[in-house]
Amino acid sequence: MADDKDVLRDVWFGRIPACFTLSPEETTEREAEPYYLLLPRVSYLTLVTDKVKKHFLKVMKAEDVEEMWFEYEGTPLKWYVELTDISLSHS
């Protein structure tokens with residue numbers, strides 16, 4: 001039974017590596033560094049949006065940031081889908 005608890009703990013507290021980059025079409029004051037995060041598997045993109053926006057505001061003007069979306073290889077990601085489901089569907 002201890003093995004089941006270990007597996008459940010790893011799944012529940014597991015993290016997914018993510019790399020956020022600006023679209024090449026974005027106008028920036030200087031080159032934007034990618035932003036790397038380890039995100040909880042049981043989470044949503046909306047919970048990390050402020051961190052990502054804050055990182056990229058270092059190279060962009062605040063007035064140039066009107067909207068933000070996430071995509072993977074050209075496919076828009078749904079904000080309301082759990083990160084675990086997103087990572088499984090793109091692996």
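This is a chat about helices, contacts and a surface patch in a predicted model.

User: Before we start, what kind of model is this, and how are residues numbered?
Analyst: It's a predicted model, where local features need pLDDT of at least 70, side-chain atom pairs count only at pLDDT 80 or more, and totals for chains, interfaces and linings use all residues. Residues are numbered from 1 along each chain as its sequence is written, and side-chain values use heavy atoms, with hydrogens and water left out.

User: Cool. Which residues of α2 are buried?
Analyst: Thr 49, Val 52, His 55 and Phe 56. Buried means under 20% relative accessible area, exposed means over 50%, and partly exposed is in between (1.4 Å probe, protein chains only). Helices (H or I, at least four residues) and strands (E, at least two) are DSSP runs, numbered from the N terminus.

User: Where do those buried residues sit around the helix?
Analyst: They line one face of α2, because they fall within an arc of 130° when you look down the helix axis. That arc is taken from the directions from the axis to the C-beta atoms.

User: And what's on the face turned away from the buried side?
Analyst: That face of α2 carries the exposed residues Asp 50, Lys 51 and Lys 54.

User: What does the buried side of α2 pack against?
Analyst: Its buried residues pack against β1 (15-20) and β2. Contact here means heavy atoms within 4.5 Å.

User: Let's zoom in on Thr 49. What does it touch?
Analyst: Leaving aside neighbours within four places in sequence, Thr 49 is in contact with Met 68, Phe 70 and Trp 79. Thr 49 has a relative accessible area of 10%, so it counts as buried. Phe 70 is 21 residues away from Thr 49 in sequence, and their C-alpha atoms are 9.4 Å apart.

User: Which backbone oxygen does the Thr 49 side chain reach?
Analyst: The one of Leu 45, at 3.0 Å.

User: What about His 55, what does it touch?
Analyst: His 55 touches Glu 33, Pro 34 and Tyr 35, if you don't count residues up to four places away in sequence. His 55 is in α2 too, and its relative accessible area is 15%, so it's buried.

User: Switching topic: how many salt bridges are there?
Analyst: The count comes to one salt bridge, where the rule asks for a side-chain nitrogen of Lys or Arg within 4 Å of a carboxyl oxygen of Asp or Glu. The side chains of Asp 6 and Arg 9 form it, at 3.1 Å from N to O.

User: Where are those two?
Analyst: Both lie in helix α1 (residues 2-13), three residues apart, which is about one turn of the helix. An α-helix has 3.6 residues a turn, so residues three or four places apart point the same way. Asp 6 is partly exposed at 34% relative accessibility, and Arg 9 is partly exposed at 45%.

User: Last one: which residues form the nonpolar surface patch?
Analyst: Trp 12, Phe 13 and Val 42, with about 360 Å² of accessible area together. Areas come from the Shrake-Rupley method with a 1.4 Å probe, and for residues only the protein chains shown count as cover. Patches are made of residues with over 30% relative accessible area and no salt bridge: like charges are joined within 9 Å, and nonpolar side chains (Val, Leu, Ile, Met, Phe, Trp, Tyr) within 5 Å.

User: Where's Val 42 found?
Analyst: In the loop between β2 (35-40) and α2 (49-56). Val 42 is partly exposed, with a relative accessible area of 36%.

Conventions:
Polar contact = N/O pair within 3.5 Å; in protein donor to acceptor, adjacent residues only side chain to side chain.
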